Each structure stands twice: as C-alpha cells, then as structure tokens.
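Colleague: I am new to this one and would love a short tour. Could you show it to me first?

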Amino acid sequence: MITVSLSYPLSDELLQQWGRPQVTAIGQFDGLHLGHASVIRKAVALAHEQNVPVSVMTFHPHPKEVMKKGDYEGYLTPLADKQTILSDMGVDVLYILSFNEEFSKVSPEAFITDVLLPLQIRTAVVGFDFRFGHRGAGHEDTLRKLGGQLMSVYTVPPFELDGDKVSSSGIRRALQTGDLAHASRWLGRPYRIQGTVMDGEKRGRTIGFPTANLKLNDSYVIPVKGVYAVRALVGDHWINGVMNVGVKPTFHEGVLNPSFEVHLFDFNQQIYGEPVLVELHHYIRPERKFSSVDELISQIGNDAQTAKKLLG
C-alpha cells in the first residue's frame with residue numbers, strides 16, 4: 001500500500017501523479033471497526049469488479065481534535081495503526097488529507113469539485129452517516145448530485161450486532177468502563193496500544209514483578225484505570241502478561257497522567273528502547289490503593305494467576 005499526503009488545494013503535480021480512475025472509500029475510520037471494515041471491503045470488491053485501484057481517503061488530525069469539539073479523547077487507531085490494518089485489507093493507496101481550520105471551512109461543493117473529481121474517483125464508497133464539508137453540510141445525496149455522471153456513489157448500510165449499530169463512540173465507552181468483550185467484538189480484534197519501553201521507577205523488580213514501562217507512541221484512547229490480562233508482541237514473539245494502567249496510588253498521590261506497566265510471564269530479557277505492541281484481552285479489576293507493600297505484592301500475584309487462567 002502506498003500512502004499519499006494531501007493538502008487542500010491539491011497541487012497540479014500531485015494530480016498528475018495520482019489522478020486516475022479508482023474506487024475510494026471516504027471517512028474518518030477511527031477504530032477501523034466492523035462497520036468501517038464493511039465499507040472498506042465493499043470498496044475493495046467494487047474496485048476488483050471495475051479493474052481499477054482501490055483507495056481510502058481519511059482525514060488527519062481528527063476533526064474533533066482540530067475543532068476542539070465533541071468527545072475527542074485520543075485515537076482508537078492512530079495513523080500508523082490505521083496504515084497497517086488498511087494494508088492488510090488489500091487497499092492500494094491511502095490518502096491522508098490534512099485537516100486544519102482552513103480546510104474545515106471548505107464547502108461540500110468545493111471538496112467534490114477540487115478534490116474528488118480531479119483525483120478521478122469513479123466510485124465513492126461511504127457509510128450511511130457520512131458527512132463532509134463546512135459544518136458537515138454534505139452527505140451522500142450531495143455526492144450523488146454533484147458527482148453527476150463522473151462519479152457514482154455507493155452507501156454502505158449500518159453494521160449491527162445484536163440490534164446495535166457498531167460505532168467508534170460505543171467502543172470508546174466500552175473501553176472507559178472496562179467492557180473489553182464489547183470493545184473487542186465491535187472492533188473485530190482486541191484493542192491494541194503500542195509504545196516504547198523506557199526507564200521507570202524500577203520498583204517492580206524489587207517486589208518480584210519486573211515490568212516494562214511503556215511510553216505510548218501516539219495519542220490513544222486510554223482505557224479505564226486498572227489491571228488487565230494482555231498479550232504483548234516483543235520482537236517476533238507474543239508473550240502473555242498482566243498490565244496495570246494507572247497512577248500507582250499505593251506509592252503516589254496527586255498523579256494525573258496514567259502509566260502503562262506490563263509484567264510479562266516467564267520473561268527476563270533487556271528490552272529498554274524496544275517497541276512493544278500490547279493487546280488488551282480481559283479487564284481484571286480497578287486500580288486501588290493498598291495499605292502496605294506486602295498487600296500489593298499478594299494482589300499482584302493473584303492478578304498474575306487470574307491473567308494466566310483467562311489467557312489459557
């Protein structure tokens with residue numbers, strides 16, 4: 001998959017290089033959950049039928065981050081994660097359109113006539129709730145009307161599980177209440193975060209549970225503070241473990257930013273500075289303050305045993 005950065009207005013040089021007949025899925029796609037995947041899969045199928053490349057157009061940063069509106073609290077799939085998933089889905093080109101305050105004022109008509117049609121998008125594939133342009137004034141009918149004979153539009157209906165529409169906002173709520181089963185089912189995979197192992201307080205090894213202290217690589221949606229059963233990709237190997245997300249109230253007061261500390265089972269290698277991908281599989285318990293270090297050690301041991309059972 002090739003990634004192409006776009007900024008409005010598109011340059012003639014860029015249009016000469018990338019303007020070609022293609023099928024394009026358009027949307028924010030934060031999470032790339034089952035609903036988003038249904039849109040991408042439809043675009044891939046239509047591109048194969050038409051024998052043209054399939055592309056995805058997304059916007060970065062997230063419009064809610066730029067406009068300081070709504071419930072934006074980080075990404076379910078930061079850009080690097082999104083690129084990996086889309087590549088695995090068979091997408092040929094990922095267009096990343098820079099979203100800023102100036103672009104937020106572009107009308108729906110200008111977005112179509114200045115971006116979509118010059119790129120020679122022959123079929124635009126969108127979700128049922130797709131909105132675009134200044135104040136979200138554009139929708140699927142706008143695409144159809146202004147695309148005319150040059151661009152057809154395919155609208156993918158809602159993707160539902162048990163009668164509920166799968167949505168990014170629902171996944172965010174599930175993560176913030178510890179309902180990992182719900183989040184994983186709607187995502188179609190375990191929720192993942194990625195970070196680099198950095199120096200921590202090194203307290204874990206003194207109490208018999210050495211941990212890898214992660215500095216997250218991007219602005220992820222932070223799950224509720226607590227203890228999780230996890231699987232971590234270290235190098236080429238998946239390793240089971242237990243992770244604490246929180247502020248370590250037994251040792252600190254007044255800390256606001258959570259840390260991410262992973263204890264990997266049967267693992268004693270030096271991995272400072274190494275990237276680690278962590279899948280959150282089960283929420284074990286909320287974070288709490290213990291009356292003594294011995295009580296904390298006992299609970300960590302119980303948490304590790306619980307995680308081992310849950311992970312099989």
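Modeller: Happily! Buried means under 20% relative accessible area, exposed over 50%, and partly exposed in between, with a 1.4 Å probe and protein chains only. This is a predicted model, where local features need pLDDT of at least 70, side-chain atom pairs count only at pLDDT 80 or more, and totals for chains, interfaces and linings use all residues. Residues are numbered from 1 along each chain as its sequence is written, and side-chain values use heavy atoms, leaving out hydrogens and water.

Colleague: What share of the residues of the chain count as buried?

Modeller: The chain has 312 residues. Taking the cut-off of under 20% relative accessible area, the buried share is 49%.

Colleague: Why is the pair of Phe99 and Phe103 called edge-to-face or stacked?

Modeller: Rings of Phe, Tyr and Trp (its six-membered ring) pair if their centres lie within 6.5 Å; planes under 30 degrees apart count as stacked, over 60 as edge-to-face and the rest as tilted. By this rule there are eight aromatic pairs. In the pair of Phe99 and Phe103, the ring centres are 5.7 Å apart and the planes stand at 85°, so the pair is edge-to-face.

Colleague: Is Phe103 buried or exposed?

Modeller: Phe99 has a relative accessible area of 12%, so Phe99 is buried. Phe103 has 8%, which makes Phe103 buried.

Colleague: Which residues form one aromatic cluster?

Modeller: Phe99 and Phe103 both belong to the cluster. Its full membership is Tyr8, Phe59, Phe99, Phe103, Phe111, Phe130 and Phe132.
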